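Thanks for asking me to look this one over. My notes are below as numbered points, so you can follow along with the model open beside you.

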Amino acid sequence: MSTAAESKTPAKGEIVLEARNIVKRYGHVTALDGANLELRAGEVLAVIGDNGAGKSTMVKVLCGAVVPDEGEVLLDGVPVHFTSPMDPRKRGIETVYQDLAVAPALDIATNLFLGREVRCRGILGSWFRMLDKRRMKSEAQKEMTELKFRLPSIESSVEDLSGGQRQGVAVARAGIFARRLVIMDEPTAALGVRESGEVLNLIRTIRDRGLPVLLISHNMPHVFELADRIHIMRLGRRVALTTPKQHSMGEVVAIMTGAMPGNEQAPGADAVK
Amino acid sequence: MPANGVASLNRGTVALGRAIATPAVGPLVVLVVFCAIFSLSTHTFLAVGNLSLVIQQSVIVGTLAIGQTLIILTAGIDLANGAIAVLGTIVAGRLVNDAHNPVLCLLLAIFLCTFVGLLSGLLVSRLMLPPFIVTLGLLGIVTASTRLIAQGGAFPVTDELLGWTGNSFIVDGSGVTYGMLIMFGLYALVWYLLTQTAWGRHVYAIGNNRLAARLVGIPVQNRLLSVYVFAAFLYGIGAWLALGRIPNADPNSLQNANLDSITAVVIGGTSLFGGRGSIWGTLVGTLIVSVLRNGLTLSGFDPLWQDLVTGVLVISAVAVDQISRGKQR
């Protein structure tokens, strides 16, 4: 198993994932209109925007679910072409979805390794396809301890966990298997206030272990609690890039809705930087 | 921290609830209770010859129920498995009667059954048609094809190979047929696949939360296809066991086998909603039905009571599943 610790970590501030001039049209609707995005090493970048601002299309482009009409995506400065959700995964990008992407009847260790099961060494594994359950269990235990994620037991069913812990399992899975970065699409949308707290802590731990996190969220308090930088989208473009210190929550919402101008060129302006 | 006490209490009740509801523990208790009742109420139930008979009577449905379990675990259902097995018996029976090579005939019959599984698997996995509809349609298609092939006749099995699964040897005074050994072997094989391989985990995950299975990168379509093909292969083996059990390939046989296989799976504690259950549960469920039919007959009840009690058991099993699922919400 490869973890963030094993892979080379670029210096803090270096651009890990970049999207340039992304255009995506659905019929007459332009969802993304020359959108840019940069995720830097060691940061949590929050992507926010009103409904229809293009943030979910942007995420789909970055995680391979949608192929853009124009523009390019670069990973570590190298252009990449994602055409299916498996492509980013092969390159070490993991995505956490807002729906709880876990199998409730299966135990935690099984869920963590689902789709990436580890087989025994030797003939048992290669010929008889036997799973190395003990190894998966101990690895799962180790990773959960490192992530400081408290669980009753690695062998308990996911359905015995709270909603926050369940989503925590999905987040932990991404954190364990991602080598480059983690994309989190509304990870707390289905959770209550207290439950969100566990997930937010987990995201912070993942960042502190060296993985940059792209966080898409509607929830302003969560964004302001976690984000190092905030990327604000409006009408299919980035209109502002700020930090929780530069702007207040009210100002950010004003930029989001267009009540206040952002610090980039106005949407609809033809000039390209 | 007070929360810890609550958590451990919860864990205790949850563990207890799960022990009763999901694995084969609950059904096993039912099986033991039935055996105890019948051995007290009749003198003949515990006779070695009778126990062998109980297992022999469960061999065909027991094997069909293995395939049924796999399909139900993926949140599907198979309404055609009895019909597919009958197709196998008729094809093998007729071709051997026409003096073709028995080995080839048997292989062809099993292959044909597997091919039907390929069809249903493709329709379910690629066209995303509901398994209920696909197998309902196949039930009609396969039954009609079988009758067309049989041309109104039945085919007595005289060939040594076709009837081999009904041959027995004596262990401690009770007859053990090769068919029983094959069935137990298949249970062991499927237990291994379900619990010790990634394929098995994927089967559970697909039935439990298909979207999650897809999102974590499980090739859901291929896994589903493999389940339907493998299940139908087992039905082909079931056809061979049927030829050994009743040495006459008759298109009118095994009419109830399909519903009996679903009954066995459900009584064995596997959830019709998919993703939960065990293959041992199905074996126990098969034996429960067989013990029940045998015991009630020995006790002198009208055969109608067998169906009545089986019906009660099916509803109770589904109710237990539903209630235990409800508690987990």
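**Notes on the two-chain model**

1. Let me begin with a small detail in chain A: the side chain of A:Ser217 reaches the backbone nitrogen of A:Asn219 at 3.0 Å. Please bear in mind here and throughout that this is a predicted model. A:Ser217 sits in the loop that runs between strand E8 (213–216) and helix H8 (220–226) of chain A. Is A:Ser217 buried or exposed? Its relative accessible area is 4%, and because the cut-off for buried is under 20%, A:Ser217 counts as buried. Setting aside neighbours within four places in sequence, A:Ser217 is in contact with A:Val47, A:Ile48, A:Glu186 and A:Val223.

2. Two of those contacts, A:Val47 and A:Ile48, lead us to strand E3 (residues 44–49) of chain A. This strand is mostly covered, with 6 of its 6 residues buried. As a reminder, side chains in a regular strand alternate between the two faces of the sheet. In E3(A), one side carries A:Val44, A:Ala46 and A:Ile48, the other carries A:Leu45, A:Val47 and A:Gly49, and both faces are covered.

3. Which strands pair with E3(A)? One of them is E8(A), joined in the parallel sense over 4 bridges, and here A:Val44 has A:Val213 as its bridge partner. Another is strand E9 (residues 229–234) of chain A, also parallel, over 5 bridges. In that pairing A:Leu45 is matched with A:Arg229.

4. Strand E6 (residues 93–96) of chain A is worth a look as well. Its two faces are both covered: A:Ile93 and A:Thr95 are buried on one side, A:Glu94 and A:Val96 on the other. Note that A:Glu94 is among these buried residues. E6(A) pairs with strand E7 (residues 181–185) of chain A in the parallel sense over 4 bridges, and A:Ile93 stands opposite A:Leu181 in E7(A).

5. Now for the interface. On the chain B side, 24 residues are in contact with 28 residues of chain A. Together the two chains bury about 2200 Å², of which 55% is on carbon and sulfur atoms. In chain B, the residues that lose the most area to chain A are B:Arg201, B:Leu215 and B:Val216, which together account for 30% of what that side buries.

6. How many salt bridges are counted between chain B and chain A? There is 1, and it joins the side chains of A:Glu159 and B:Arg276 at 3.0 Å, N to O. The count of residue pairs in polar contact between the chains, both at pLDDT 80 or more, is 9. On the side of chain B that touches chain A, two or more residues each come from helices H1 (2–21), H8 (178–196), H9 (198–208) and H10 (210–215) of chain B. The largest share, 6 residues, belongs to H9(B). By type, the residues on this side of chain B divide into 11 nonpolar, 9 polar and 4 charged.

7. H9(B) deserves its own point. Of its 11 residues, 11 are buried, including B:Trp199, B:Arg201, B:His202 and B:Tyr204. The cover comes from both chains: it includes helix H3 (108–112) and helix H5 (133–146) of chain A, along with helix H3 (48–73), H8, H10 and helix H11 (220–245) of chain B.

8. B:Leu53 is found in helix H3 of chain B. At 33% relative accessibility, B:Leu53 counts as partly exposed. Leaving aside neighbours within four places in sequence, B:Leu53 is in contact with B:Arg245 and B:Asn294. B:Leu53 and B:Val176 are 123 residues apart in sequence, while their C-alpha atoms are 9.3 Å apart in space.

9. Strands E2 (residues 168–171) and E3 (residues 174–177) of chain B pair in the antiparallel sense over 4 bridges, with B:Ser168 opposite B:Thr177. Their hairpin has 2 residues between the strands, and B:Asp172 there takes a positive phi near 50°.

10. Finally, some backbone angles to check by eye. Most residues other than glycine have a negative phi. B:Ala99 has a positive phi near 65°; it lies in the loop between helix H4 (81–97) and helix H5 (102–125) of chain B and is exposed, at 69% relative accessible area. B:Met128 also has a positive phi, near 60°, and its place is in the loop between H5 and helix H6 (131–150) of chain B.

Conventions. Residues are numbered from 1 along each chain as its sequence is written. Chains are lettered from A and ligands numbered from 1 in the order in which they are written. This is a predicted model: local features need pLDDT of at least 70, side-chain atom pairs count only at pLDDT 80 or more; totals for chains, interfaces and linings use all residues. Side-chain values use heavy atoms; hydrogens and water are left out. Buried means under 20% relative accessible area, exposed over 50%, partly exposed in between (1.4 Å probe, protein chains only). Two strands pair if DSSP finds at least two bridges between them. Contact means heavy atoms within 4.5 Å. Buried area is the accessible area (1.4 Å probe) that two parts lose on being put together, summed over both. A salt bridge is a side-chain nitrogen of Lys or Arg within 4 Å of a carboxyl oxygen of Asp or Glu. A polar contact is a pair of N or O atoms within 3.5 Å; within protein, one must be able to donate a hydrogen and the other to accept it, and residues adjacent in sequence count only if both atoms are side-chain atoms. Ala, Val, Leu, Ile, Met, Phe, Trp, Tyr, Cys and Pro count as nonpolar, Asp, Glu, Lys and Arg as charged, and the others, Gly among them, as polar.
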